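Trainee: Could we go through this one together, question by question? I would like to see the reasoning behind each answer.

Mentor: Gladly, let's take a look.

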Amino acid sequence: MISRKKPLMQMLGFLIMENGLFLGAISLTYGMPLIVELGIFFDVLIGVLIMGILIFRINKTFDSIDTDMLKNLIG
Amino acid sequence: MIEYLLFIPILTGVLCFLTRSKTQIEALSLTGSTVTLILGLNLVKYVYQNGIIMEWTNTLFADMFSAFIVLIVSIVGFVASIYSIGYMGHEFKHGILDLKKLRLYYILFHMFMFTMLLVGVTNNLGLWIAIEMTTLVSTLLLILYLRKSSVEAAWKYMTICTVGITFALLGTILTYYGAVKIMGESGDALNWTSLIKVADQFDPTIMKLAFIFILIGYGTKAGLAPMHTWLPDAHSEAPSPVSALLSGVLLNCAMYGIIRFYSIATKSTGIEFTSNLLIVFGLLSLGIAMPFIILQEDYKRMLAYSSVEHMGIIAIGIGFGGTFGVFGALLHMFNHAMTKSLMFFGAGNVHLKHGTKEINKVSGVVKSMPVTGAMLLIGGLAITGSPPFSIFISEFIILWAGFLQGHIIASVLFLLFIIMIFAGFFYNLSKMIFGNPKPGITTGEVSRWTLGAMVILVVFVFVLGVYIPPTFYDMIMKVVAVVRWDDKKWLIFGQF
């Protein structure tokens with residue numbers, strides 16, 4: 001995730017992390033309680049949706065989806 | 001009782017879809033937040049008198065600590081909704097936002113309130129879900145303006161916070177793993193109320209690992225130092241009422257997660273481990289925020305770094321421990337929420353008037369906007385910890401606890417950083433407040449609504465500085481008992 005410059009790749013990195021966590025949770029504890037699983041699923045779904053909107057916005061405002069453009073706010 | 005409190009912000013948000021004019025939206029939003037405030041205060045009163053409440057087959061609950069968070073959320077939310085009318089009204093009048101955007105703003109505002117209330121009343125390690133939801137909603141609030149800088153800030157906020165909070169999920173899973181070993185496979189194994197009863201039987205190694213992950217994860221959201229990089233961007237690019245909510249309330253919600261885990265983890269790992277971690281991260285926050293405050297050129301960023309500093313102070317207070325340390329930290333949470341919101345409101349007024357966020361381009365605020373200027377001065381004195389105001393009291397108590405518990409080096413460093421921050425912050429603020437107004441700036445306030453909101457907060461800042469009402473004191477003492485968990489009777493009898 002750190003080495004990638006495209007926001008799309010960063011988003012995929014996030015999804016892979018979540019996948020790994022779910023696998024970890026299942027192997028450690030036979031899965032979390034249902035309500036928690038559902039909640040996490042919902043959050044990740046909405047999160048990825050919003051990241052999609054953001055990528056669209058980045059593309060529209062900066063004319064490219066390269067995170068190198070995103071370094072105006074420092075200090 | 002709790003479900004009504006959660007239902008009202010959602011209802012207000014949904015009803016906002018149906019509104020047709022600016023006045024309707026504002027009236028609806030104000031009514032919604034007033035009802036939320038009343039229900040919130042009612043909940044606090046009920047919990048204060050009758051002890052813990054459990055609802056919806058133990059999914060929702062409220063003990064004194066939850067009630068304390070609900071109190072902060074509902075007060076700041078109410079004040080921010082008053083302020084929004086002035087601030088957003090001004091933006092609307094100058095054509096920066098259209099009616100659709102304005103409606104979207106109020107819908108998201110109330111959804112944001114809902115998610116923050118949910119953080120307080122979840123009886124579950126699924127607290128993670130609520131905190132993640134706050135990130136999602138506030139990201140949408142950030143990109144309201146669609147400026148280049150706000151899109152950038154939103155992307156940074158979103159990626160750093162979601163990834164950071166993933167670590168907290170790992171910590172939660174580890175805690176659940178520890179709990180399943182003791183209590184077996186059950187839905188209750190993630191509930192605070194059942195976890196705290198068996199907290200001393202946890203495997204210390206697992207709990208240590210879990211606490212580190214939780215501290216990093218929720219610490220990212222709370223803006224503790226090495227993970228704070230998103231905070232100045234997000235807080236300075238958001239509209240001012242949202243900045244106030246983000247700084248004053250959301251950071252406290254994340255801190256709430258850390259403190260909950262602290263009270264569970266401490267039982268098995270021993271107090272040194274958790275305390276030292278919190279003190280180290282707290283001091284790091286103070287130390288890193290200091291140079292950025294002194295050399296800052298943008299006043300909203302300066303306030304954001306000051307939030308990093310204050311979260312550090314709260315972490316240090318919890319880390320010092322003892323009744324006094326925790327009491328000071330909790331009082332500091334409340335005081336910081338009030339004072340920082342006041343400062344962001346003042347900064348918002350200055351921003352509306354001058355159209356710039358640079359400190360050097362603003363001067364003579366006290367002459368061009370007498371009331372805002374005076375309140376910014378009060379807020380600035382208060383936030384840096386000057387005597388007659390509320391933050392002085394809580395910082396003093398934390399420092400006292402530090403010396404009392406024998407953390408001499410940490411206390412001295414803490415004092416040193418605070419003094420330097422005071423000097424830097426006040427130097428920058430006085431450049432803005434005093435002097436003559438820049439040419440082209442007319443005299444007069446931006447809007448009466450914004451002043452009304454600030455007056456309410458100034459009252460809190462003043463009163464708590466000189467006098468802590470006995471009920472309030474008693475309430476915080478009950479929260480301290482929840483955090484330190486001295487008194488097991490409280491859970492058994494459902495009463496303090």
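Trainee: What should helix 5 (residues 127-142) of chain B span at 1.5 Å a residue, and how far apart are its end C-alpha atoms?

Mentor: A word first: this is a predicted model, where local features need pLDDT of at least 70, side-chain atom pairs count only at pLDDT 80 or more, and totals for chains, interfaces and linings use all residues. Residues are numbered from 1 along each chain as its sequence is written, and chains are lettered from A and ligands numbered from 1 in the order in which they are written. Helices (H or I, at least four residues) and strands (E, at least two) are DSSP runs numbered from the N terminus, and the expected span of a helix is 1.5 Å times one less than its number of residues. For the 16 residues of helix 5 of chain B that gives 22 Å, which agrees with end C-alpha atoms that are 23 Å apart.

Trainee: How many of the 16 residues of helix 5 of chain B are buried?

Mentor: A residue is buried if 20 or more other C-beta atoms lie within 10 Å of its own, exposed if 12 or fewer, and partly exposed in between, with C-beta atoms placed from the backbone. Helix 5 of chain B is largely enclosed by the rest of the structure, because the buried count is 15 of the 16 residues.

Trainee: Is chain A compact or spread out?

Mentor: Chain A has two helices and zero strands. The radius of gyration is taken over C-alpha atoms, and the globule rule is 2.2 Å times the number of residues to the power 0.38. For 75 residues that rule gives 11 Å, and chain A has 16 Å, well over it, so chain A is more spread out than a compact globule.

Trainee: And what does the radius of gyration of chain B say?

Mentor: Chain B has 20 helices and two strands, and its C-alpha atoms fill a box of roughly 70 × 55 × 45 Å along the principal axes. Buried residues make up 62% of its 496 residues. The globule rule gives 23 Å for that length and the radius of gyration is close to this, so chain B is as compact as a globular protein of that length, at 21 Å.

Trainee: Which helix of chain A gives the most to the side that touches chain B?

Mentor: Two residues are in contact if their C-beta atoms, placed from the backbone, lie within 7 Å. By that test, 30 residues of chain A are in contact with 34 residues of chain B. Helix 1 (7-29) and helix 2 (34-62) of chain A are the elements that give two or more residues to this side of chain A. The most, 14 residues, comes from helix 2 of chain A.

Trainee: Which helix gives the largest share of the largest nonpolar core?

Mentor: A nonpolar core is a set of buried Ala, Val, Leu, Ile, Met, Phe, Trp, Tyr and Cys residues joined through C-beta atoms within 7 Å. The largest one holds 202 residues, and B:Met255 is among the members that touch the most others. The largest share is 19 residues, from helix 3 (residues 64-93) of chain B.

Trainee: Why is B:Ala265 called buried?

Mentor: B:Ala265 is found in helix 10 (residues 240-269) of chain B. Leaving aside neighbours within four places in sequence, B:Ala265 is in contact with B:Met207, B:Ala210, B:Phe211 and B:Thr274. B:Ala265 is buried because the number of other C-beta atoms within 10 Å is 29.

Trainee: Which glycine with a positive phi follows helix 17 of chain B?

Mentor: Helix 17 (residues 408-433) of chain B has 26 residues and should span 38 Å, which agrees with end C-alpha atoms 37 Å apart. Its buried residues include B:Phe414, B:Phe417 and B:Phe425. After helix 17 of chain B, phi is positive, near 90 degrees, at B:Gly435.

Trainee: Where in chain B does pLDDT stay under 50?

Mentor: pLDDT is the predictor's confidence in each residue, from 0 to 100. Chain B averages 85, and 96% of the residues score at least 70. Where pLDDT is low, the predicted coordinates should not be read in detail. In chain B, pLDDT stays under 50 over residues 489-496.

Trainee: What ipTM does the predictor give the complex?

Mentor: The predictor gives two scores for the complex. The pTM is 0.90, and the ipTM is 0.87.
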